[in-house]
Amino acid sequence: MAKIKKGDLVVVIAGRDRGQEGRILDIDTDNDRVIVEGVQRVTKHIKPGTRRDNQEGGIVTAEASLHISNVMLVDPETKKGTRVGFRTEEVEQDGRTRTKRVRVAKRSGKDVE
(Lines give C-alpha, C1' and ligand atoms only; values in the text may rest on other atoms or scores of the structure.)
Protein backbone atom coordinates (compact mmCIF):
# COMPACT_ATOMS: atom_id res chain seq x y z
CA MET A 1 0.00 0.00 0.00
CA ALA A 2 1.36 3.38 -0.98
CA LYS A 3 1.61 6.30 1.41
CA ILE A 4 0.31 8.73 -1.23
CA LYS A 5 -2.46 7.80 -3.65
CA LYS A 6 -4.16 9.37 -6.65
CA GLY A 7 -6.73 11.94 -5.50
CA ASP A 8 -5.02 12.76 -2.18
CA LEU A 9 -4.64 16.38 -1.09
CA VAL A 10 -0.94 17.17 -0.72
CA VAL A 11 1.24 20.19 0.05
CA VAL A 12 4.55 20.89 -1.70
CA ILE A 13 7.42 21.04 0.82
CA ALA A 14 10.36 21.80 -1.52
CA GLY A 15 11.04 23.61 -4.77
CA ARG A 16 9.78 26.79 -6.35
CA ASP A 17 6.14 25.98 -5.53
CA ARG A 18 6.75 25.38 -1.81
CA GLY A 19 3.59 25.81 0.27
CA GLN A 20 1.08 25.22 -2.52
CA GLU A 21 -1.64 22.60 -2.15
CA GLY A 22 -3.31 20.44 -4.76
CA ARG A 23 -4.75 17.03 -5.56
CA ILE A 24 -2.65 14.22 -7.03
CA LEU A 25 -3.61 13.72 -10.68
CA ASP A 26 -1.20 10.94 -11.62
CA ILE A 27 1.57 8.85 -10.05
CA ASP A 28 4.57 7.39 -11.90
CA THR A 29 5.75 4.62 -9.56
CA ASP A 30 8.68 3.62 -11.79
CA ASN A 31 10.35 7.03 -11.46
CA ASP A 32 8.82 8.06 -8.07
CA ARG A 33 7.16 11.14 -9.54
CA VAL A 34 3.71 12.69 -9.10
CA ILE A 35 1.67 15.27 -10.99
CA VAL A 36 -0.16 17.69 -8.69
CA GLU A 37 -3.10 19.79 -9.87
CA GLY A 38 -2.20 23.49 -10.21
CA VAL A 39 1.44 23.04 -9.14
CA GLN A 40 4.66 23.11 -11.23
CA ARG A 41 2.96 24.74 -14.24
CA VAL A 42 5.16 24.91 -17.33
CA THR A 43 4.59 26.27 -20.82
CA LYS A 44 5.01 24.10 -23.88
CA HIS A 45 5.28 25.29 -27.46
CA ILE A 46 3.14 23.01 -29.61
CA LYS A 47 3.56 22.77 -33.36
CA PRO A 48 0.31 22.85 -35.38
CA GLY A 49 -1.09 19.40 -36.15
CA THR A 50 1.24 17.43 -33.87
CA ARG A 51 -1.45 16.66 -31.26
CA ARG A 52 -4.97 15.50 -31.96
CA ASP A 53 -6.55 17.56 -29.20
CA ASN A 54 -4.71 20.79 -30.12
CA GLN A 55 -4.63 21.15 -33.91
CA GLU A 56 -3.95 24.90 -34.00
CA GLY A 57 -0.71 24.81 -32.03
CA GLY A 58 0.65 27.62 -29.89
CA ILE A 59 1.67 27.95 -26.27
CA VAL A 60 0.04 25.51 -23.84
CA THR A 61 0.40 25.42 -20.05
CA ALA A 62 0.50 22.02 -18.31
CA GLU A 63 1.51 20.51 -14.99
CA ALA A 64 4.99 18.98 -14.85
CA SER A 65 5.89 16.17 -12.48
CA LEU A 66 7.44 16.53 -9.02
CA HIS A 67 9.48 13.98 -7.12
CA ILE A 68 7.34 12.18 -4.57
CA SER A 69 9.69 13.20 -1.74
CA ASN A 70 8.82 16.87 -2.35
CA VAL A 71 5.14 16.45 -1.41
CA MET A 72 3.52 15.71 1.93
CA LEU A 73 0.00 14.53 2.66
CA VAL A 74 -2.35 17.10 4.24
CA ASP A 75 -3.73 16.06 7.64
CA PRO A 76 -7.56 16.00 7.48
CA GLU A 77 -7.90 17.51 10.98
CA THR A 78 -5.17 20.18 11.21
CA LYS A 79 -4.95 20.99 7.45
CA LYS A 80 -1.12 20.91 7.65
CA GLY A 81 1.43 18.56 6.15
CA THR A 82 1.87 15.25 7.96
CA ARG A 83 3.72 11.98 7.73
CA VAL A 84 1.77 8.80 7.08
CA GLY A 85 1.80 5.61 9.10
CA PHE A 86 -0.18 2.38 8.94
CA ARG A 87 -2.43 0.59 11.41
CA THR A 88 -3.70 -2.96 10.99
CA GLU A 89 -7.23 -3.96 11.87
CA GLU A 90 -9.16 -7.21 11.64
CA VAL A 91 -12.05 -7.18 9.12
CA GLU A 92 -14.75 -9.83 8.79
CA GLN A 93 -15.15 -10.65 5.09
CA ASP A 94 -17.06 -13.61 3.60
CA GLY A 95 -17.02 -15.44 6.92
CA ARG A 96 -13.23 -15.10 7.27
CA THR A 97 -11.13 -12.70 9.26
CA ARG A 98 -8.65 -10.63 7.27
CA THR A 99 -6.12 -8.02 8.25
CA LYS A 100 -6.44 -4.64 6.57
CA ARG A 101 -3.85 -1.84 6.54
CA VAL A 102 -5.29 1.62 7.14
CA ARG A 103 -3.36 4.85 6.48
CA VAL A 104 -3.07 7.07 9.56
CA ALA A 105 -1.91 10.70 9.77
CA LYS A 106 0.87 10.83 12.35
CA ARG A 107 0.17 14.46 13.33
CA SER A 108 -3.42 13.90 14.53
CA GLY A 109 -3.81 10.12 14.56
CA LYS A 110 -6.88 10.28 12.28
CA ASP A 111 -7.48 7.89 9.40
CA VAL A 112 -6.66 9.22 5.92
CA GLU A 113 -9.13 8.25 3.21
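Two strands count as a pair here if DSSP finds at least two bridges between them. Keep that in mind as you click through this predicted model.

Start with β7 and β8. Select residues 81–82 for strand β8: two bridges join β8 to β7, and the two run antiparallel. For a contact to zoom in on, pick valine 74, which stands opposite glycine 81 in β8. Now show the turn. β7 and β8 form a hairpin with six residues between them, and lysine 79 in that turn has a positive phi of about 60°.

Next, go to the other partner of β7. Select residues 9–12, strand β1, along with residues 71–74, strand β7: they pair in the antiparallel sense over three bridges. Highlight valine 10 and you'll find its bridge partner in β7, leucine 73.

Now over to the charges. Select Asp26, Asp28, Asp30 and Asp32 and show the surface: these residues gather there in a patch of negative charge.

Take two of them one by one. Aspartate 28 lies in strand β2. Is aspartate 28 buried, partly exposed or exposed? Aspartate 28 is partly exposed, because its relative accessible area is 31%, and the partly exposed class runs between 20% and 50%. While you're on aspartate 28, add serine 65: the two are 37 residues apart along the chain, and their C-alpha atoms are separated by 8.9 Å.

Last stop, aspartate 32. Look in the loop between β2 (21–28) and β3 (33–36). With a relative accessible area of 39%, aspartate 32 is partly exposed too.

Methods
Residues are numbered from 1 along each chain as its sequence is written. This is a predicted model: local features need pLDDT of at least 70, side-chain atom pairs count only at pLDDT 80 or more; totals for chains, interfaces and linings use all residues. Side-chain values use heavy atoms; hydrogens and water are left out. Patches are made of residues with over 30% relative accessible area and no salt bridge: like charges are joined within 9 Å, nonpolar side chains (Val, Leu, Ile, Met, Phe, Trp, Tyr) within 5 Å. Accessible areas come from the Shrake-Rupley method with a 1.4 Å probe; for residues, only the protein chains shown count as cover. A salt bridge is a side-chain nitrogen of Lys or Arg within 4 Å of a carboxyl oxygen of Asp or Glu. Lys and Arg count as positive and Asp and Glu as negative; His and the chain ends are not counted. The place of a charge is taken as NZ of Lys, CZ of Arg, CG of Asp or CD of Glu. Helices (H or I, at least four residues) and strands (E, at least two) are DSSP runs, numbered from the N terminus. Buried means under 20% relative accessible area, exposed over 50%, partly exposed in between (1.4 Å probe, protein chains only).
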